[in-house]
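I opened this notebook page to record a walk through one structure. The entries follow the order in which I looked things up.

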Amino acid sequence: MNKTLILVVEDDAPVRNLITTALRMHDYRYIVAPNGESAILEASSHNPDIVLLDLGLPDIDGVDVIRRIRMWSNMPIIVISARSEDGDKIGALDAGADDYLTKPFSVEELLARLRVTQRRLSIMQADGAASVFVNGRLRVDFAAGCAYLGEAELHLTPIEYKLLCLLARNVGKVLTHTFITQNIWGRSWDSDIASLRVFMASLRKKLESEPDSPQYIQTHIGVGYRMMKLD
Ligand code: CA
């Protein structure tokens with residue numbers, strides 16, 4: 001039984017109804033908030049498992065809602081944005097959102113994002129501080145500083161290894177170019193984002209059996225990358 005509690009923040013009543021109907025049919029529990037101030041209030045009083053947050057709200061900006069929730073909580077936040085708000089979506093991820101949906105979205109897409117986030121939640125709860133990360137055939141031994149694919153050790157350069165660890169520690173979460181380059185190089189110039197592409201391609205060549213249809217690392221064009229949790 002699915003008893004995950006979702007906070008739905010959306011000012012547009014038809015979209016809100018579409019979401020809550022889908023949640024109800026799939027046995028999620030939910031609460032709703034029609035604006036940013038009530039979203040912050042509901043988040044703090046009900047401590048939901050996942051927040052679905054529309055970025056275009058009538059009172060305060062969705063990105064500010066994320067910043068305020070992030071002051072006290074790591075609860076997963078999936079943002080919902082219109083296509084015209086692409087820059088806002090990246091701003092939202094940089095402010096600490098976990099994932100995004102672009103309007104118009106299908107119910108299947110919504111449910112798929114929720115499942116990815118739930119899997120990420122269970123990993124965070126089960127072994128958030130584990131020293132070994134296992135995902136499909138990939139194993140990263142943080143303490144020893146090595147990574148394996150099946151039985152074979154992956155021969156990674158220091159930057160490829162750092163990149164792999166960053167993705168692994170945030171498995172299931174979309175990481176923006178800015179976030180990654182800040183973490184790897186401590187800055188985020190255009191040239192760093194270009195280098196990131198090169199390092200990502202070489203990491204994939206070592207990690208993925210088919211680098212052109214990657215299993216482990218998803219590309220989000222114009223946004224960043226995400227490591228998927230494999231079964
Ligand atoms: Ca809206």
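The entries below go from the metal site to helix packing, then to the backbone and single residues.

**Entry 1. Model.** I note before anything else that this is a predicted model.

**Entry 2. Calcium site.** Which residues coordinate the calcium ion? I find Asp11 and Asp54, each through OD, and Gly56 through its O, at 2.2 to 2.4 Å. I write the spacing of these donor residues in sequence as D-x42-D-x1-G. I then placed the two aspartates: Asp11 is in the loop between strand S1 (5-9) and helix H1 (13-25), and Asp54 is in strand S3 (residues 50-54), so the pair ties together parts that are 43 residues apart in sequence. Are these aspartates buried or exposed? I get 34% relative accessibility for Asp11, which is partly exposed. For Asp54 I get 3%, and with buried set at under 20%, Asp54 counts as buried.

**Entry 3. Helix H3.** I listed the buried residues of helix H3 (62-70): they are Gly62, Val63, Val65, Ile66 and Ile69. Looking down the axis of H3, I see these buried residues within an arc of 155°, so they line one face of the helix. I then asked what covers the buried residues of H3. The cover includes H2, S3, S4 and helix H4 (86-94). S3 is also the strand that holds the calcium donor Asp54.

**Entry 4. Trp72.** I followed the chain on to Trp72, in the loop between H3 and strand S4 (77-82). I record a relative accessible area of 42% for Trp72, so this residue is partly exposed. What does Trp72 contact, leaving aside its neighbours within four places in sequence? I find Ala43 and Ser44. Ser44 is 28 residues from Trp72 along the chain, and the C-alpha atoms of the two are separated by 8.9 Å.

**Entry 5. Helices H6 and H8.** How do the axes of helix H6 (residues 158-169) and helix H8 (residues 190-207) cross? I get an approach within 10 Å and a crossing at roughly 80°. That makes H6 roughly perpendicular to H8. On the H6 side of the contact I list Ile159, Glu160, Leu163, Leu164 and Leu167. On the H8 side I list Leu196, Phe199, Met200, Ser202, Leu203, Lys206 and Leu207. Sorted by type, the residues of this contact are nine nonpolar, one polar and two charged.

**Entry 6. His155.** I looked at His155 in the loop between strand S9 (152-153) and H6. His155 has a relative accessible area of 63%, so I enter this histidine as exposed. Leaving aside its neighbours within four places in sequence, I find His155 in contact with Glu160 and Lys206. Glu160 and Lys206 are also on my list for the contact of H6 with H8. As a long-range check I took Ile60, 95 residues from His155 along the chain; the C-alpha atoms of the two are separated by 48 Å.

**Entry 7. Helix H7.** Which residues of helix H7 (residues 177-185) are buried? I have His177, Ile180, Thr181 and Ile184. Seen down the axis of H7, these buried residues fall within an arc of 90°, so I note that they line one face of the helix. Among the elements covering them I find H6 and H8 again, with strand S10 (175-176) and strand S12 (224-227). After H7 comes Gly186, with a positive phi near 75°.

**Entry 8. Backbone.** I checked for residues other than glycine with a positive phi. Asp27 has phi near 70° and sits in the loop between H1 and strand S2 (29-33). With a relative accessible area of 31%, Asp27 is partly exposed. Asn47 is not a glycine either, and I read its phi as positive, about 45°. Asn47 lies in the loop between helix H2 (36-46) and S3 and is exposed, at 53% relative accessible area. Where is there a cis peptide bond? I find one joining Lys103 and Pro104, with omega about -5°. Pro104 is in the loop between strand S5 (99-103) and helix H5 (107-127).

How values were computed:
Residues are numbered from 1 along each chain as its sequence is written. This is a predicted model: local features need pLDDT of at least 70, side-chain atom pairs count only at pLDDT 80 or more; totals for chains, interfaces and linings use all residues. Side-chain values use heavy atoms; hydrogens and water are left out. Donors are N, O and S atoms within 2.8 Å of the metal (3.2 Å for Na, K and Ca); water is not among the atoms, so sites may look incomplete. Helices (H or I, at least four residues) and strands (E, at least two) are DSSP runs, numbered from the N terminus. Buried means under 20% relative accessible area, exposed over 50%, partly exposed in between (1.4 Å probe, protein chains only). Axes are lines fitted to C-alpha atoms, for helices over the stretch in contact, and angles run from 0 to 180 degrees between N-to-C directions. Angles under 35 degrees count as roughly parallel, over 145 as roughly antiparallel, 65 to 115 as roughly perpendicular and the rest as oblique. Contact means heavy atoms within 4.5 Å. Ala, Val, Leu, Ile, Met, Phe, Trp, Tyr, Cys and Pro count as nonpolar, Asp, Glu, Lys and Arg as charged, and the others, Gly among them, as polar. The arc is that of the directions from the helix axis to the C-beta atoms.
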